[in-house]
Amino acid sequence: MLTCFLSLFKVLRSSFLSSRERMDYEDRYRLLSQRPKYDCLLFDLDDTLYPLSSGLARECGNNIKDYIVEKLGIVKDKVVELSNLLYKNYGTTMAGLRAVGYDFDYDDYHSYVHGRLPYDNLKPDPQLRSLLLTLPLRKIIFTNADKVHAAKALSKLGLEDCFEGIICFETLNPSRKDMDSGDENDVEFLRSASATTDVHSSPEIFDIIGHFAQPKPSATLPKTPIDCKPQESAIERALKIANINPQRTLFFDDSVRNIQAGKRVGLHTVLVGTSQRPKGADYALESIHNIKQALPELWETDVKSDANYTGQVAIETSVIA
Ligand SMILES: [Mg+2]
């Protein structure tokens, strides 16, 4: 579309231009035509930058179920069904728990669920590190997990200095404490954040198992106060906070629903973890290591703009909360 418009415009304009003006115009046209298609790569973290076979996802699921039983007092035999329903309907179990009325401290939840993960299963990945560092584009992490987990996982993978910043749970759901701290390290992407997690516990817990067991046409699911993928509004906020143009960004994630939501907000999409490309995915990669075979054009650019990141900023100064 843009190419057609530029061609037509070029023909029309060239009839009225002096030769000097025509040369200037053609130079600009040529530069625009050579402009790389993407200037930003947006990466999910868990099961995208390391494989599912690490076992972290399975352990995380077990920890969530233990948290629900131990901290929220839910009977054991309902936990699997409840957590599956919440995850399916709200993007994360945590977002679902808040939606149906459970109130709890977010930091406590994250430290319980992630604190005991087998991080030693994650090994340094010099091959991925080299691929990332040679990419002349902005690279940003976008995860539903908290900043402590993101920093720890990236450090174990040896990728802590490969990204410009991290959009994490706290970025989209800043607590009053985060908003008031004025922490200079958090300022970069926090400045635009507007939502807070000042929430109040509901007087009653919504029975989501009963809701799906006997659906009533008039019944609707309660909304969650937590912003996370795959909500389109959450993805759009993340893009705005990090000043990302979706039309010029490739979004990598292992979740089909996150990829499909990303597509709906205008991102170009890459499903990671399978070579089967579902609807909504522009590409599918069995492993993130296949990125160069599938998308060699990402490296084929002479345009060194200010998007060219040198990897000098340590993760501790670029984690966004
Ligand atoms: Mg993931």
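These questions and answers cover a helix pair and some loop residues in a predicted model.

Reader: Is the packing of α3 against α6 parallel, antiparallel, perpendicular or oblique?
Author: Helix α3 spans residues 56–72 and helix α6 spans residues 106–115. They pack at an angle of about 135°, with their axes 8 Å apart. Angles over 145 degrees would count as roughly antiparallel, and 65 to 115 as roughly perpendicular. The angle fits neither range, so α3 is to α6 oblique.

Reader: Which hand does the crossing of α3 and α6 have, left or right?
Author: The two helices in question are residues 56–72 and residues 106–115. Their crossing is right-handed.

Reader: Which residues of α6 make the contact with α3?
Author: From α3 come Cys 60, Asn 63, Ile 64 and Tyr 67. By class, the contact has six nonpolar, two polar and no charged residues. The α6 side consists of Tyr 109, Tyr 112, Val 113 and His 114.

Reader: Which residue follows Lys 229 across a cis peptide bond?
Author: Most peptide bonds are trans. Here omega is about 5°, and the bond is cis. The second residue lies in the loop between α12 (208–213) and α13 (232–241). That residue is Pro 230.

Reader: Is Asp 47 buried, partly exposed or exposed?
Author: Asp 47 sits in the loop between β1 (40–43) and α3. Its phi is positive, about 65°, although it is not a glycine. It has 19 other C-beta atoms within 10 Å. Buried needs 20 or more and exposed 12 or fewer, so Asp 47 is partly exposed.

Reader: Is Asn 243 buried, partly exposed or exposed?
Author: Asn 243 lies in the loop between α13 and β4 (249–253). Its phi is also positive, near 55°. It has 12 C-beta neighbours inside 10 Å. The limit for exposed is 12 or fewer, so Asn 243 is exposed.

Reader: Is Asn 144 buried or exposed?
Author: Asn 144 is in the loop between β2 (138–142) and α8 (147–157). It has 26 other C-beta atoms within 10 Å. The cut-off is 20 or more, so Asn 144 is buried.

Reader: Which residues does Asn 144 contact, leaving aside neighbours within four places in sequence?
Author: The C-alpha atoms of Asn 144 and Thr 171 are separated by 9.5 Å, and these residues are 27 apart along the chain. One contact of Asn 144 is Lys 229, the residue joined to Pro 230 by the cis bond. In full, the contacts are Thr 92, Phe 169, Cys 228 and Lys 229.

Note on methods
Residues are numbered from 1 along each chain as its sequence is written. This is a predicted model: local features need pLDDT of at least 70, side-chain atom pairs count only at pLDDT 80 or more; totals for chains, interfaces and linings use all residues. Axes are lines fitted to C-alpha atoms, for helices over the stretch in contact, and angles run from 0 to 180 degrees between N-to-C directions. Helices (H or I, at least four residues) and strands (E, at least two) are DSSP runs, numbered from the N terminus. Angles under 35 degrees count as roughly parallel, over 145 as roughly antiparallel, 65 to 115 as roughly perpendicular and the rest as oblique. A crossing is left-handed if the near helix is turned anticlockwise from the far one by less than a right angle, and right-handed if clockwise. Two residues are in contact if their C-beta atoms, placed from the backbone, lie within 7 Å. Ala, Val, Leu, Ile, Met, Phe, Trp, Tyr, Cys and Pro count as nonpolar, Asp, Glu, Lys and Arg as charged, and the others, Gly among them, as polar.
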